[in-house]
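Thanks for coming. I have one structure to go through, and I will keep to what the coordinates give us.

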Amino acid sequence: QVQLVESGGGLVQAGGSLRLSCAGSGRTFNNYAVGWFRQAPGRERDFVAAITWTGEKTSYADSVKGRFTISRDNAKNTKYLQMNSLKPEDTAVYYCVADPWYSGTDYNLYEYWGQGTQVTVSS
């Protein structure tokens, strides 16, 4: 089900930063696990980061660990992906996801998703 809306994507230079936001639409996701995936042209949709519904546990792909931070603001029904030290290889369409229970790396196991937002990092 598509009930998430991403924003914050755009074009940045290598080394720059972006903060992606994902807002719930029509319902609250305060008790849902949430995450981010990305897909570059010609590549599979890759896991980026996830956070449990309690906010007690986060996980990151090795390629973004130390540079990206996932967080959530349940009061605003919004989750974020802070991306620092961006590299050209971070260029992709970024998708937010949510699920009542699942917080793993398989995109297809998430119940809710957004339509994606383009992030382009120039060299």
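I will take the strands, the disulfide, two residues of one strand, the cavity, and then two backbone angles.

Please keep in mind that this is a predicted model.

Let me start with strand pairing. Strand β3 covers residues 18-24, and there are two partners to talk about. On one side of the list is β1, residues 4-7, which is joined to β3 by four bridges, with the two strands running antiparallel. For a register point, take L4, which is placed opposite G24 of β3. The other partner is β8, residues 78-83. Here six bridges link β3 and β8, and this pair is antiparallel as well. The register point I would use there is R19, set opposite Q82 in β8.

One residue of β3 shows both partners in its contacts. S21 sits in strand β3. What does S21 touch, once its neighbours within four places in sequence are set aside? The list is V5, E6, S7, W36, T78, K79 and Y80. The relative accessibility of S21 is 15%, and because buried means under 20%, S21 counts as buried.

Next, the disulfide. How many disulfides does a search of the whole structure find? There is one. It joins C22 to C96, with an S to S distance of 1.9 Å. In sequence the two cysteines are 74 residues apart, C22 belonging to strand β3 and C96 to strand β9, so the bond links distant parts of the chain. The S-S torsion is about 50°, which means the disulfide is right-handed. Are these two cysteines buried or exposed? C22 and C96 are both buried.

Now back to β8, for two residues in a row. Y80 is in strand β8, and L81 is in strand β8 too. As general background, side chains in a regular strand alternate between the two faces of the sheet. With that in mind, here are the two environments.

Y80 has a relative accessible area of 11%, so it is classed as buried. Leaving out residues up to four places away in sequence, Y80 touches R19, L20, S21, W36, T69, I70, S71 and D73. For a distance check, Y80 and T105 are separated by 25 residues in sequence and by 17 Å between C-alpha atoms.

L81 has a relative accessibility of 0%, so L81 is buried. With the same exclusion of residues up to four places away, L81 touches L18, R19, L20, W36, V48, A49, F68, T69, I70 and Y94. The distance check for L81 is against S63: 18 residues apart in sequence, 14 Å apart from C-alpha to C-alpha.

On to internal space. How many cavities of 30 Å³ or more are counted? The count is one. Its volume is about 80 Å³. The elements giving two or more residues to its lining are β3 and β8, and β3 provides the largest share, three residues. The lining has 13 residues in total, and those nearest the centre are F29, V34, N77, T78 and K79. Sorted by class, six of the lining residues are nonpolar, five are polar and two are charged.

One of those residues near the centre takes us to the last item, the backbone. N77 lies in the loop between β7, residues 68-73, and β8. What is phi for N77? The value is near 55°, positive in a residue that is not glycine. N77 has 17% relative accessibility and is therefore counted as buried.

The other case is S85, in the loop between β8 and β9, the latter being residues 92-99. S85 is not a glycine either, yet phi is positive, at about 50°. Why is S85 classed as partly exposed? The relative accessible area of S85 is 40%, and partly exposed covers what falls between under 20% and over 50%.

To recap: β3 pairs antiparallel with β1 and also with β8, C22 of β3 is tied to C96 of β9, and β3 and β8 both contribute to the lining of the largest cavity. The positive phi values to look at are those of N77 and S85. That is the end of my part.

Note on methods
Residues are numbered from 1 along each chain as its sequence is written. This is a predicted model: local features need pLDDT of at least 70, side-chain atom pairs count only at pLDDT 80 or more; totals for chains, interfaces and linings use all residues. Side-chain values use heavy atoms; hydrogens and water are left out. On a 1 Å grid over the protein atoms alone, a cavity is a set of points where a 1.4 Å probe fits but cannot get out, and a pocket is an open set with protein on both sides within 12 Å along at least five of seven lines; lining residues have an atom within 4 Å of a point. Grid points are joined across faces, edges and corners, and a volume is the space filled by probe spheres set on the points. Ala, Val, Leu, Ile, Met, Phe, Trp, Tyr, Cys and Pro count as nonpolar, Asp, Glu, Lys and Arg as charged, and the others, Gly among them, as polar. Buried means under 20% relative accessible area, exposed over 50%, partly exposed in between (1.4 Å probe, protein chains only). Contact means heavy atoms within 4.5 Å. Two strands pair if DSSP finds at least two bridges between them. A disulfide is a pair of cysteine sulfur atoms within 2.5 Å.
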